[in-house]
Structure formats: structure tokens, C-alpha cells
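Grab a pencil and work through these exercises with the model open beside you. Each one is a short task followed by a solution in steps.

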There are 2 protein chains.
Amino acid sequence: MLTAIYTAVGELVGQGADKISFPVIAERAGVNPTTLYRRWPDVNALLEDVAIAALTRDGESVPDTGSLEQDLTDWANIIAGDITRPERARYLRAMVAARVDLVTNCAVTDARHEQAAQMTRRASERGEQTPTVQQILDHIVAPLYYNVIFALPLDDDHPRRLVRDVLAMTR
Amino acid sequence: MLTAIYTAVGELVGQGADKISFPVIAERAGVNPTTLYRRWPDVNALLEDVAIAALTRDGESVPDTGSLEQDLTDWANIIAGDITRPERARYLRAMVAARVDLVTNCAVTDARHEQAAQMTRRASERGEQTPTVQQILDHIVAPLYYNVIFALPLDDDHPRRLVRDVLAMTR
DNA sequence: ATCCAAAAGCAATGATCTTTGCTCTAAGGA
DNA sequence: TCCTTAGAGCAAAGATCATTGCTTTTGGAT
């Protein structure tokens, strides 16, 4: 039931459907539109639920190569490869559009925060000089998402360049 | 005519109206809905037109204090103050939602690119060491927009911190 | 096994949107 | 001046969406 709904939304968003409404989703999911109208206040609310579920299902393991620079580079490349996939980019945009009021944290960025913390912790245990988690979010995660959100090109070398920049700050 | 339409959209977006449709816009603008249906393929297209017009109408002069660090800090604070205004944030989101296909550049980021280039040019003429324009976009502009887009809190000190970080890269 | 309550389906209604053919107006060219 | 034409208004029709009261199903508790 819930799975069918989420799947339907996923397919619609994924294929870039322009008209995503409760009736449309309901038909594809094989449920009655009323169910959706009663369970979510509006389409955006449902969209956000699905987007969060889709974007936070991790399974992305945090790199652990023994070098922070390598870890960050691998990680940045994973993120870049992930969010530039068209259906992921669409999810991101849908989520952004749906988020109308200020919230203090969001599940998507929380996951990134956690991953960054893990890498820096390991690095400092090895005695490496590390940037702060906030710096990693500001200077690696943010630029990657920024480019995707605004549909700007993101070349293959970009992630590596960002990592080099952020490490240059700590020296 | 066109002005009335743009104004109507601006008011609706600005006050966070949830249902922004051609008929609603048309009534407020005092024009016939048919006109809108014939001129734009859909509401998002019109929204994007207006958003671009609103977000690129500069009038923001680029700081010129004689010090790159001060210029960048002032500039970052201007941007932050600008895009965190609720109606501006809404514009940004509307624009993001509307942008479905990849474009190689967008008017909004172009303006920032131009401003950054102006500041670094002046700084290097003074003989200062400067970060690249791309670095400024990645490490100052992107984090600011990222926070606003995801409705994350943006504290007052954030812009200054970003500038300090990016300057630390060049040393 | 029966009962109860929450959730889903159904169907009818009204609101809103979208499309379309036609008419009317206004600005520019012969 | 008259003609042309692009753009705007008008109105009707059909499509889609949104709401609501009522019925049916389902899953768990007694």
C-alpha cells in the first residue's frame, strides 16, 4: 500500500512527469485518490516524504582509505555521481520546492554531516590535521548540491578540486 | 500588460500563495487567462521568467573598499541578507522547481560570476594574491545559496567565516 | 468467533483548470 | 485611408482536481 504509493511517486518523479497530482499517483499505485487526499495535506507533502526516503536510504559506505584527502575525494565523487543522476536531481528539486517553511535541520544534510564527522574523526585519530565538519559541508557538499540544484555543469574534476581547496585551508 | 503580469506573479510568490495558476495570476493582473495560456507553455515557465527578472535586477553595487577580504565580506553579507528574505527565498525555490532541464548557465549565477570577477580583478591590480572566481563561487556563493535552498539556518557570522576560509586557500 | 476501530474504497458534487474557435482591437505598411 | 496581422478578450465545452458522506474492508483485541 504505502510501498505502492512511494513507488508510483518515484516512477513519476524519475521520469520527469510534469503533472504529478493525487489522481495520477493514485491510478499508478492502484489505490483510490481519496486515500491520498486524506493522508497527506497536499501533493508536495507526499513528494517530500518520498524524496526524503529516497535520498536518505544510505547504503553509501563512508570511504576509509587511510588518508583524509583520499577519503574526501572518494566521498565527493560518490556524492557527485549520485546526485547528478537525472532522477536524483529531480528528487532534490522536488524536495526543495516542497520545503516552504524554515526547518532547523533536514534528514538529507544530516546524513552528510554524520559521514563527514566520521571521516574527520578517523583522520584526527591518525594525527592528521583536519578541516571542521562545517567546513566540509560548506566547501565540498554545498558546491556539489548547488551545481546540481541550479542545473549547472559539474565536471569530473570538480570534486577533487573542492577537496584540494578545503585541505588548503588547514595548512 | 507584461508588467502587470510580472507584478501579479511577484505578489503571489511574495506572499507565499500556495495555488499559483494561470487563472489566479490573470485575475490579479487584470488580464484574460487565455493570454497566459497562449504566451507561456505552463505556469512554471512564467514563474521562471519572473524569478530571473527579479533575481537579476541588480542594483547591488559591488563593494570596493581597497581590500579583497573586506570586499568579499561585504559582498557575502549583501548576498546573505538578500536571499534570506522570505520572498526571495521563495523565488529561488520556485526557480529551482521550474528548471527541469540542464542548461549550461543561468542568469542568476552569471551575475555573481561577473561581480566576483570584478573584485578579484581590482585586487590583483593592487597586487593582492586572490582566489579564482570559481573558488569564490564554490566556497562563498554556493554555501550561502545551499543553506537558503535547504532552509537551513544561516547565522550572522557565516559569511565572514566563508571569506576567511577561501582566503586561507591562497596562502 | 465476534466485535471494534482505523483505514480504504466508492460515488456524487462542485470547483478549478485547460483548450479552442471566434471576435475585437490596435499598430504598422502599402 | 485602408489593409493586414499579431495580440488580447470572450465564451463555451471538456477535462481534471478536490471534497465529502457513506459503505466496505481489514487487522487486532477480547
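**Exercise 1. Find which residues of chain A the UniProt annotation "DNA-binding region" covers, and describe the backbone there.**

Step 1: the UniProt record, an unreviewed entry, puts its "DNA-binding region" on residues 21–40 of chain A. UniProt positions follow the numbering used here, feature names are shortened, and such annotations may be inferred rather than shown by experiment.

Step 2: over residues 21–40 of chain A, the chain is 75% helix and 0% strand, with 12 Å between the end C-alpha atoms. Helices here are DSSP runs of H or I with at least four residues, strands are E runs of at least two, and both are numbered from the N terminus.

Before going on, some ground rules: this is a predicted model, in which local features need pLDDT of at least 70 and side-chain atom pairs count only at pLDDT 80 or more, while totals for chains, interfaces and linings use all residues. Residues are numbered from 1 along each chain as its sequence is written, and chains are lettered from A and ligands numbered from 1 in the order in which they are written.

**Exercise 2. Work out which residues and elements surround DNA strand C, then do it again for DNA strand D.**

Step 1: take "near" to be a C-beta atom, placed from the backbone, within 6 Å of the strand. DNA strand C then has 14 residues around it, the closest being A:Asn32, A:Thr34, A:Thr35, B:Ser21 and B:Pro23. Helix H3 (33–39) of chain A, plus helix H2 (22–29) and helix H3 (33–39) of chain B, each give two or more residues to this surface.

Step 2: DNA strand D also has 14 residues around it, and A:Ser21, A:Pro23, B:Asn32, B:Thr34 and B:Thr35 come nearest. Here the elements giving two or more residues are helix H2 (22–29) and H3 of chain A, along with H3 of chain B.

Step 3: sort by class, with Ala, Val, Leu, Ile, Met, Phe, Trp, Tyr, Cys and Pro as nonpolar, Asp, Glu, Lys and Arg as charged, and the others, Gly among them, as polar. The surface near DNA strand C has seven nonpolar, five polar and two charged residues; the surface near DNA strand D has seven nonpolar, five polar and two charged residues.

**Exercise 3. Sketch the layout of chain A.**

Step 1: count nine helices and zero strands in chain A.

Step 2: split chain A into domain 1 (2–39) and domain 2 (64–168), bounds that come from an automatic or database domain assignment. Their centres, taken over C-alpha atoms, are 30 Å apart.

Step 3: box the C-alpha atoms of chain A along the principal axes, and you get roughly 60 × 30 × 30 Å.

**Exercise 4. Which residues of H4(A) are buried, and where do they sit around the axis?**

Step 1: helix H4 (residues 43–56) of chain A has 14 residues and should span 20 Å at 1.5 Å a residue, and its end C-alpha atoms are indeed 20 Å apart. The expected span is 1.5 Å times one less than the number of residues.

Step 2: call a residue buried if 20 or more other C-beta atoms lie within 10 Å of its own, exposed if 12 or fewer, and partly exposed in between, with C-beta atoms placed from the backbone. In H4(A), the buried ones are A:Leu46, A:Leu47, A:Val50, A:Ala51 and A:Ala54. They cover an arc of only 135° around the axis, so they lie on the same side of H4(A); the arc is that of the directions from the helix axis to the C-beta atoms.
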